[in-house]
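Here's a quick briefing to read alongside the model. Have the viewer open and click along as you go.

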Amino acid sequence: MKKGWKVLAAICLSSALLLGCQETEELGTGTVVGNENKIALAEESNLMQLSPDELKVYAAFKKKFDDRVLKEADPIMVAKLYFHAIETHDYNTQYELFVDDVEQREWSKQEHMKMMQEEGHKMAEKMRKLFARMQEVKFIEVDQKTGYLEFPEEGENLGQFQMVKNKAGIWKVKFRPMQWGYNMK
């Protein structure tokens, strides 16, 4: 009886070892499940043109620069408001659409006004050319507080327009929002 027990144990151990040594395909991509960037929003939209409702939000925000006006705005709408401000040379409103958390501010409003007086026309022209051919706007969520609009560049490169939620949970434009030349293919 004791001898049979040892044989049975040896067979079980051998079977377990053999099963563990079989060749199998590697599973997964190396990315931890749940940590992937996700397309949070996708819509057909012209980034350089506001709808009548978006124009109302723009006017209300411009009136007092009260972030609560943007509480229900998704990041694509906030980006469109920002582009509209540049297009119309409303650099005051453009600055107020940047994230307002002090630790994320990179320059003062006065410095911004000076930069945009010098470069605003060039920036508007570049945006018109860049976004004119876009048919679909995608917002990629990096985490609950950050994300970016993805846009095509020449060739296979993609650009990013970065957004961040402020302390009140409202989507705003990150300072230096444009990131260029990501080859995502």
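What follows is a short overview, then notes by topic.

Keep in mind that this is a predicted model. It has five helices and five strands, and along the sequence they come in the order α-β-α-α-α-α-β-β-β-β. Of the 185 residues, 35% are buried.

**Overall numbers**

- The accessible surface adds up to about 12,400 Å², with 54% of that belonging to carbon and sulfur atoms.
- Take the contacts between residues at least 6 apart in sequence: 60% of them join residues at least 24 apart.

**Helix 2 and what it packs on**

- Helix 2 spans residues 52-64, and its buried residues are Glu 54, Val 57, Tyr 58 and Phe 61.
- Those buried residues sit within an arc of 100° when you look down the axis of helix 2, so they line one face of the helix.
- The general rule behind this kind of spacing is that an α-helix has 3.6 residues a turn, so residues three or four places apart point the same way.
- What do the buried residues of helix 2 pack against? Their partners are helix 3 and helix 4 (91-96).
- On the face turned away from the buried side of helix 2, you'll find the exposed residues Pro 52, Lys 56, Lys 63 and Lys 64.

**Two positive phi values to look at**

- Phe 65 comes just after helix 2 and takes a positive phi of about 50°, although Phe 65 is not a glycine.
- Phe 65 belongs to the loop between helix 2 and helix 3 (75-87).
- Phe 65 counts as partly exposed because its relative accessibility is 24%, and buried would need a value under 20%.
- Arg 176 is another non-glycine residue with a positive phi, near 55°.
- Unlike a loop residue, Arg 176 has its place in strand 5 (residues 171-183).
- Is Arg 176 buried or exposed? Its relative accessible area is 52%, so Arg 176 is exposed, given that the cut-off for exposed is over 50%.

**Ala 124 in helix 5**

- Ala 124 lies in helix 5, which covers residues 109-131.
- With a relative accessible area of 1%, Ala 124 is buried.
- Setting aside neighbours within four places in sequence, Ala 124 is in contact with Ile 86 and Glu 87.
- His 84 is 40 residues from Ala 124 in sequence, yet their C-alpha atoms are 9.1 Å apart in space.

**Strands 2, 3 and 4**

- Strand 2 (residues 136-141) and strand 3 run antiparallel and are joined by four bridges.
- Strand 2 and strand 3 make a hairpin, with four residues between them.
- One of the bridges here pairs Lys 138 with Glu 150 in strand 3.
- How many bridges link strand 3 (residues 146-152) and strand 4? There are seven, and the pairing is antiparallel.
- For landmarks on that pairing, Gly 147 has Met 163 of strand 4 as its bridge partner, while Phe 151 is partnered with Gly 159 in strand 4.
- Both strands are mostly covered: five of the seven residues in strand 3 are buried, and so are seven of the nine in strand 4 (residues 157-165).

Conventions. Residues are numbered from 1 along each chain as its sequence is written. This is a predicted model: local features need pLDDT of at least 70, side-chain atom pairs count only at pLDDT 80 or more; totals for chains, interfaces and linings use all residues. Side-chain values use heavy atoms; hydrogens and water are left out. Buried means under 20% relative accessible area, exposed over 50%, partly exposed in between (1.4 Å probe, protein chains only). Two strands pair if DSSP finds at least two bridges between them. The arc is that of the directions from the helix axis to the C-beta atoms. Contact means heavy atoms within 4.5 Å. Accessible areas come from the Shrake-Rupley method with a 1.4 Å probe; for residues, only the protein chains shown count as cover.
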